[in-house]
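Reader: I am new to this structure. Please take me through it step by step.

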Amino acid sequence: EKMKTLSIALLTLISSSAMAQEISVRAKVIGSEADLSADSVRFSQTSGSQDVDNDGDTQSAFGYGADIEFMMSEQARLGTGLSITNYNEGDDKLGYTDVTWSGYGSFDFVKQQLLSLYGTAGLSFHNLSLEDQKVGPMTLKYKDTGLLNYDLALGGRAKLNDQVTFGLEYKFTDTFSNN
């Protein structure tokens, strides 16, 4: 079985200071467009044959998560995060849940007192829990799979006060794996 995933996420980020100025916690709401594909499956029954093709269908979903960021310098940060996104089954599309752990580095290429624009690069591990799928009288059961992805993002954040920052981030993630 061969799978590939391509996700484009639009993240709404709210950041608040935790414990010290050097550490911040970011709660995030995720809007994602994903493409999960699997090789075609063909099987025969006494009544004929069936095709199951989960190739090239994009799905939209919402999720949530949190990141912890450590300020390394005035413009550089290191972060780690955990998120969950649920892609509901519908219209013959494969439903699945994506639990993601990520690690990343972030650099502010524009930094002003109230506004900053930044770029992010990192790695993420996606644990995909695939839902069973009914095909005629049969049910296909999938094994959970893990994917190691690379992540690239551009974002901006605006300081609302000394404790709260609002941000918006566009993130592209794609897998190194094919199974």
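Author: A hairpin links S10 to S11 through 4 residues. Strands here are DSSP runs (E, at least two residues; helices are H or I, at least four), numbered from the N terminus. The model is predicted: local features need pLDDT of at least 70, side-chain atom pairs count only at pLDDT 80 or more, and totals for chains, interfaces and linings use all residues. Residues are numbered from 1 along each chain as its sequence is written, and side-chain values use heavy atoms, with hydrogens and water left out.

Reader: How many bridges join S10 to strand S11?

Author: Two strands pair if DSSP finds at least two bridges between them. S10 covers residues 145-159 and S11 covers residues 164-175. The two run antiparallel, and Lys-159 has Thr-165 in S11 as its bridge partner. The number of bridges joining S10 to S11 is 11.

Reader: Which strand is joined to S7 by 14 bridges?

Author: Strand S7 spans residues 115-130. Ala-121 stands opposite Leu-152. The strand that runs antiparallel to S7, joined by 14 bridges, is S10.

Reader: Is Leu-123 in strand S7 buried, partly exposed or exposed?

Author: Buried means under 20% relative accessible area, exposed over 50%, and partly exposed in between, with a 1.4 Å probe and protein chains only. Leu-123 has a relative accessible area of 43%, so Leu-123 is partly exposed.

Reader: What is the accessible area of the nonpolar patch that includes Leu-123?

Author: A patch is made of residues with over 30% relative accessible area and no salt bridge; nonpolar side chains (Val, Leu, Ile, Met, Phe, Trp, Tyr) are joined within 5 Å, like charges within 9 Å. A salt bridge would be a side-chain nitrogen of Lys or Arg within 4 Å of a carboxyl oxygen of Asp or Glu. Strands S6 and S7 each supply at least two residues of the patch. By the Shrake-Rupley method with a 1.4 Å probe, where only the protein chains shown cover residues, the patch has together about 660 Å².

Reader: Why does the pair of Tyr-150 and Phe-172 tie together parts that are 22 residues apart in sequence?

Author: Rings of Phe, Tyr and Trp (its six-membered ring) pair if their centres lie within 6.5 Å; planes under 30 degrees apart count as stacked, over 60 as edge-to-face and the rest as tilted. Tyr-87 and Tyr-96 form a stacked pair, 4.5 Å centre to centre with 20° between the planes. Tyr-150 and Phe-172 form a tilted pair, at 6.3 Å and 50°. The pair ties those parts together because Tyr-150 lies in strand S10 and Phe-172 in strand S11.
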